[in-house]
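Subject: Structure for your review

Dear colleague,

Please find below the sequence and structure that I am handing over to you. I should be grateful if you would keep them open while you read my notes.

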Amino acid sequence: MKKNDLKNLTLEEKISLLTGDGNWKTAGANGKVKQAWLSDGPSGLRMHNPNNVSETLRATALPTCHVLSYTWDLALCYEYAQTIAEEAILNGADVLLGPGVNIKRSPLCGRNFEYFSEDPYLAGIMGKTYVEGMQSKGIGTSVKHYCANNREFDRCHQSGDVDERALHEIYLKPFEMIMEAKPWTVMCSYNPVNGIYASENKKLLNDVLRGQFGFDGLIMSDWGAVHNPVRAVEATLDLCMPYSPRYAEEIPAAVAEGRLSEKQIDERAQKVLDLLNKCEEAAPLKKVTGTKESRHETAVKIAREGMVLLKNDGVLPLTSAKKVFVYGNIAKNPFISGGGSGKVKTDFVQTPLHTLIGEKTGAQIEYEGANAWEPFWRNIYQKAYEADVTVITVGHGPETECEGFDRSSIRLSAEQEDAILRIAAHANKTVVAVYAGSAVDMSRWIDAADAVVFAGFAGEGVNEALSDLLCGKANFCGKLTETFPLSLADTFKGGATGDGEADVYDDGIFVGYRYFDKMKKEVLFPFGYGLSYAKFEYSNLRIEKKGEYDYDVIYDITNVSSVAGKEISQVYVKDVSAMVHRPEKELKGFSKDFIAPHETRTVRVKLDFSSFAYYNVSLGRWYAENGWFEVYAGGSSRFLPLKGRLLLEADEKTQYSVR
């Protein structure tokens, strides 16, 4: 296969490669190179029809990435990405714009449903697996949004002012981890970082991403994120998307003036050609083995594993209910995604939740939608009173959680909260199912509910998966990858968005559960939390040293119930006495294991240098300090029944003086 060669191109043609051809293609350099087609993601193919770009193609709407992360399942993450890749192959896309690995610093972020976690380690390992799965099928990825894009409010202009340590430990860490998977591209974010736009930030693009992290692929801009083409080229941005006429005007002038050299142009253009060569060389990998039906089943399977049982006072599963009342329009028309470029269009038609519950339990079913203008409350109260169990569907969709703006509250609408309280007051047993894309304040109504399920934005298979779980046809195993606070006021940022000039990251490294731990604050549901119909007990923690920084953490989990289930166990590490401030504990490993009734499963989680290191600003690198570390294992960040300790004793030549 003949590779695209820079020597065949004129300077003008090389410059043309540095911006797109229209909205979704790379340039063709006067027909001398094959163009690559880019498509939105990351929760399914959101591709514009090549023959009619005003039309968005239909595809499998997988659960959004927050639900995927709730599975804590790397095999499912790999399958998820491969499923999207197959539809990219079928429709001629070469690179998918995803995954998004930005940190959930605030639950208000309108795009949280597209991201994995508040924890950088978890976001990094899920993102790495996603990239591996996608690229195994010959479809490139564009890891985004690099970096410190953690709110949608004024995202194109407001600077994220972040100290060096927090930048590396929290916001850059997922990108650094993903580099092991060799993503084809990385997408820079809209916002300035410490006062310099990401597209012009040479320190971030060249010194950190290409230098420290060893990235050798293409760096592209988010759509419209380039403000100055010359500065972008100087910063080593390779591809400006979409097409910008300023490149043809300003880059040649900068070369003529000597501000840019032809060598710089060649370096950037070569990265574009490298991407095009990868697209062609990947042709043997582009094999479709699944069907539309099998891809839908994957969507259902991931939704089933990613929904989280938050509360259950014995009402679930619905195996003994003779009469079930289902309330809410969402049961019939569920929210499957938030809004913006991550929303996938599907032609799959949902079966109503109440229909599926009736089919799977044989119970008598009553259903009532919500009518804001004329709620027949007397009728609703009577149905709830007569039923054994009432299932209330609530939530919000793209009008509330969407790219381009943030939520102003993390509560449900007052109408929905009122409905829960009114109906629960008349019901025998109440189950609340929440369809949403990020943390929800449930404090006003949770005591009135006997069970609460967080269905999330679970894609086109949401009602099939939810009905399986409610009816006991499957067991809950999902766990949260973000903290659900008691209220917005309990979060570090509260309702603040910044001032439109700069958002100061003065929480430093204390993001998510790290903040709640430091402040010793109670939460509604902690990071890593989720219930099951099974019950698990932890015992017998052992720590085995395997190398200078390498340890195996071993423990037993026993299923003490008569129900089979999967348990997601988590390992956290604490530096007992460091020379710098460190979190109370940090997630450093996890395992998801199927455990039969009354079976004991031995779990082994590996720790390495990264499990103990922090980013030392004086050294400009990661550094692990000798001393005592505590190791915890359990079912969530606030349920860690097992505790051990180890003494890190690395070669003294690696160490600096301590107190």
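The notes below cover a strand and its partners, the cavities, and the aromatic rings.

This is a predicted model, in which local features need pLDDT of at least 70, side-chain atom pairs count only at pLDDT 80 or more, and totals for chains, interfaces and linings use all residues. Residues are numbered from 1 along each chain as its sequence is written, and side-chain values use heavy atoms, with hydrogens and water left out.

Strands and helices are DSSP runs numbered from the N terminus (helices: H or I, at least four residues; strands: E, at least two). Strand E22 covers residues 565-575, and 10 of its 11 residues are buried, so the strand is largely enclosed by the rest of the structure. Buried means under 20% relative accessible area, exposed over 50%, and partly exposed in between (1.4 Å probe, protein chains only).

Two strands pair if DSSP finds at least two bridges between them. E22 pairs with strand E23 (residues 586-595) in the antiparallel sense over nine bridges, and tyrosine 572 stands opposite leucine 587 in E23. E22 also pairs with strand E27 (residues 627-634), again antiparallel, over six bridges. There, aspartate 575 has phenylalanine 629 of E27 as its bridge partner.

A cavity is a set of points on a 1 Å grid over the protein atoms alone where a 1.4 Å probe fits but cannot get out; lining residues have an atom within 4 Å of a point. Grid points are joined across faces, edges and corners, and a volume is the space filled by probe spheres set on the points. The structure holds six cavities of 30 Å³ or more. The largest has a volume of about 180 Å³. Its lining has 19 residues, and Lys104, Arg105, Ser106, Pro107 and Phe516 are the closest to its centre. The second largest cavity holds about 110 Å³, and E23 gives the most to its lining, with three residues.

Rings of Phe, Tyr and Trp (its six-membered ring) pair if their centres lie within 6.5 Å; planes under 30 degrees apart count as stacked, over 60 as edge-to-face and the rest as tilted. The count comes to 27 aromatic pairs. In one of them, tryptophan 72 and phenylalanine 590 meet edge-to-face, at 5.2 Å centre to centre and 85 degrees between the planes. These two residues are 518 residues apart, with phenylalanine 590 in E23. Tryptophan 72 is buried, at 1% relative accessible area.

Yours sincerely

Methods
1 Å grid on protein atoms, 1.4 Å probe; cavity = no way out; pocket = protein on both sides within 12 Å on 5 of 7 lines; lining within 4 Å.
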